[in-house]
Amino acid sequence: MELVWYALFGLFLATYLVLGGYDYGVGLLLARGATEERRRAALTALGPFFLGNEVWLVAAAGTLLGAFPTLEGELLSGFYPAVFGALAGVVLVTAGVQLRSRPRAGSARTGWDRVVVAGSVLAALGWGALLGGLLQGLPLHADRHVDGVGHLFTPFVAAVALAMLALVAVQGATFLTLRLPAAGAASLGRVARRLVPVALAAVAVATVLGLLSDRVRAAVARPAVAVLLPLLLVAALLMARAALGRARSGVAFTATSAALALPVVLVGVALWPRVLVSTVDPTASLTVADGAASGPTLSLLGWLVLPLVPALLGFQAMCWWVFRGRTDGRAPVYW
Amino acid sequence: MDTLFLARLQFAATTSIHFLFVAVTLGLVTLLVGVQTAGFITGKPVYERLTRFWGQLYVINYVLGIATGLVMEFQFGLNWSGLSRYVGNVFGAPLAVETLLAFVLESTFLGMWIFGWHQLRKGVHLALLWGVALTAYASAFWVMVGNAWLQHPVGYEIRDGVAHLTDFGAMLTNPTLGFAFGHVIAASLVTGGMLMAAVSAYHLIRRTPDFAFFRKSLRIGLLTTAVAVVLLIGFGFAQFGPTGELQPTKFGGGPDRDALVAEWTAKFGPGDYVPPTLSNVGLGFMILIGMGLFFGLLIVPLLWRDWLIRLRFPLWLVLLALPFPFVAVILGWIAREVGRQPWAVYGLLPVEKAVSPVGAGLMLTSLIGFTLLLGTLAVTNWVLLARHAARGAHDPALGRPPAPDTDTRPQPVFA
């Protein structure tokens, strides 16, 4: 039962990174020194999906709270600065996107756009740092307290955070090639193609630093997976680049989405059966089963929630279907 | 300052700010369902205009409110990891159900509602708003199930020092749940109704040309408030019975309290088991505001033949009364939550065992950061609501028909 819920948690988190990833990617691209019209077009393309994307973060957090309460407490408080940064970023993006179109003055809009850019950077770095932090473990003691916050400030965590930032930027640009009118899409396709090598380099640096780090090597239980999945990630990025070159936006977007989902799979599988690995006391490490709620809670949640997961996905799919295709002059504008 | 105090302060700040948004969201969505449904049935254009104008204010408030809700949700793990550790098996379940079955759907529906105005059939569009409203109520219900459990834990047993769920049904029939849920809903309706009435009063005072529109809004807002305030007071006083019985320390002295404090002292060791007086002072003010609103609504009969508008001074009363429901909802929550001190879970888990073992410096940074961020959001929300409310209903961006031409670059129509 824990495994089902852990998989579901992973699914929600990966969905959030894929969908929220293009929210923040589009947010980052607002910094591209572009004209007001270009920023307007980018946000209109994002428009209908924006509210629906972020819900997956809430779904992931809710699953954590209900099905893995112990893990929830120790994970969030153990990686406090990363979670704080990511949350502050998410709040800034959510508020900024809503607020940027409200003032009449162009300067105020530019100001709010900067807030969106800053929030997108923070969110991507924060969630990246959290995933990196999980892979390298944390100084968790048997009495459940964690030594300070210094464990998050390592080259490996920084590299993973930057890799996440690069992946999110690629995802955002690729999403726009899918949604913008054909003319705008072509220039975004070039941007996306130029961003792919940056992301490749960032992923490579993070992988090498991970291989060199004692803590990461000690934390990872399945080294084969930990090496194979970054290779898959690289393959996905190369495929995205090739597809972008041929203006196959759908294929490219699928590939970049896979690139954002893979880190979640990597962390989940490489550490299994543990999830929080203590660097100071091996007995203090937390396994997925330790972190999970007890049997009655999991089965109650299973009866209440699992039958309705298809409905959640169905309504999201309805949203994607209703607003499929490229935006044009008649696309509803709200953000 | 120690970590515990800072964590409590942060909880108080984020919860209060969050609820200011929640009250408006729940109240307005109910009114929106009413006007959009009326428009669907009667086909009168005024209802579509009402839906767009009030929907615009609703959406501004909703989206900024999400941000505060996110912080609320993560706060349990960030600052109260002990709560998850000791009672997460029980307390986590209603919150998980809330996020997955209510909030996720609510936001998905709302996204489609905002962008679906001229793209979806009218029936589907209306159904989406019903979906938003029903999931919003479901959301409030599950959050209250969680909160009621913290007030009066039921349906669990302690094994190996950790609470395990034994009876989910007991959580749903918790005596601290039903009346409190009704009270919260009624308070939100009062807040939403007052907001609608006050904005309308403002336009009627200024003699905005849109007389018929704001006259209708004023009537809807005031009548909703009038009905809801009666329910509000009823559900409020109804809670004194069960709460006084189940939480004898909440509302002051008596032999029950002394007996319970003696029991806790024997069980958990000596300590201060009496909540700060702050909670009861606030409660007094809240009741005063509730009664004030109740008697204030004696002006409702003046709606007859528009005397309320013709006399003008009642309009000023309506406008100036707007802050009171907001003050009252905060005071109400302070009474309920501070009155639970020193317990995270009443009689089961003291706050000092619930707080996360993080440093005071980190907690202070997070307190300042989140309070500034959310405080700014609340102020921005109010400025925006006021501006958009003052702008009038001639052409809100929400639901604006698309331009007939088909140029390839959408222009910023929201200005």
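The following paragraphs describe a predicted model, taking the chains, their interface and selected helix packings in turn.

Chain A contains 14 helices and two strands. Its radius of gyration is 20 Å, close to the 20 Å that the globule rule gives for 335 residues, so chain A is as compact as a globular protein of that length. Taken along the principal axes, the box filled by the C-alpha atoms of chain A is roughly 60 × 45 × 35 Å. Of the 335 residues in this chain, 60% count as buried. The contact pattern of chain A can be described by sequence separation: among contacts between residues at least 6 apart in sequence, 80% join residues at least 24 apart.

Chain B has 15 helices and four strands. For its 415 residues, a compact globule would have a radius of gyration near 22 Å, and the 23 Å of chain B agrees with that. The C-alpha trace of chain B spans about 75 × 50 × 40 Å along its principal axes. Buried residues account for 50% of the 415 residues. As for sequence separation, 80% of the contacts in chain B between residues at least 6 apart join residues at least 24 apart.

The two chains meet in an interface where 69 residues of chain A are in contact with 68 residues of chain B. On the side of chain A that touches chain B, at least two residues each are supplied by α2 (36-46), α3 (50-67), α4 (69-78), α5 (80-99), α13 (295-305) and α14 (309-322). Of these, α3(A) gives the most, with twelve residues. Divided by class, this side of chain A has 42 nonpolar, 18 polar and nine charged residues.

One residue of chain A serves to illustrate the interface. A:Leu76 is found in helix α4 of chain A, and α4 (69-78) is among the helices that supply at least two residues to the side touching chain B. A:Leu76 counts as buried because it has 27 C-beta neighbours inside 10 Å, where 20 or more suffice. Leaving aside neighbours within four places in sequence, A:Leu76 is in contact with A:Val83 in its own chain and with B:Phe74, B:Gly77 and B:Leu78 in chain B. Within chain A, A:Leu76 and A:Leu130 are 54 residues apart in sequence, and their C-alpha atoms are 9.1 Å apart in space.

Attention now turns to helix packing inside chain B. Two packed helices are described by the angle between their axes and the distance between the axes. Helix α1 (residues 3-42) of chain B packs with helix α4 (residues 122-151) of chain B at an angle of about 155°, and their axes are 10 Å apart. Angles over 145 degrees count as roughly antiparallel, and α1(B) and α4(B) are therefore roughly antiparallel to each other. Their crossing is left-handed. From α1(B), the contact is made by residues including B:Leu26, B:Val29, B:Val33 and B:Phe40, and from α4(B) by residues including B:Leu126, B:Leu129, B:Trp130 and B:Ala133. By class, the contact of α1(B) with α4(B) has twelve nonpolar, four polar and one charged residues.

A second pair in chain B is formed by helix α2 (residues 45-79) and helix α7 (residues 211-238), which pack at an angle of about 70° with their axes 11 Å apart. That angle makes α2(B) roughly perpendicular to α7(B), the range for this description being 65 to 115 degrees. The crossing of α2(B) and α7(B) is right-handed. B:Val46, B:Arg49 and B:Leu50 of α2(B) make the contact with B:Phe213, B:Lys216 and B:Ser217 of α7(B). These residues divide into three nonpolar, one polar and two charged.

A final residue in chain B is B:Gly182, which lies in helix α6 (residues 178-205). With 18 other C-beta atoms within 10 Å, B:Gly182 is partly exposed, since a residue is buried only if 20 or more lie within that distance. Not counting residues up to four places away in sequence, B:Gly182 touches B:Leu231 and B:Phe235. The C-alpha atoms of B:Gly182 and B:Leu232 are separated by 7.5 Å, although these residues are 50 residues apart along the chain.

Definitions and conventions:
Residues numbered from 1 in each chain as written. Chains lettered and ligands numbered in written order. Predicted model: local features only at pLDDT ≥ 70, side-chain atom pairs only at ≥ 80, totals over all residues. Axes fitted to C-alpha atoms, helices over the stretch in contact; angles between N-to-C directions. Parallel < 35°, antiparallel > 145°, perpendicular 65-115°, else oblique. Left-handed = near helix turned anticlockwise from the far one by under 90°. Contact = placed C-beta atoms within 7 Å. Nonpolar A, V, L, I, M, F, W, Y, C, P; charged D, E, K, R; others polar. Rg over C-alpha atoms; globule rule 2.2 N^0.38 Å. Buried ≥ 20, exposed ≤ 12 C-beta atoms within 10 Å, placed from the backbone.
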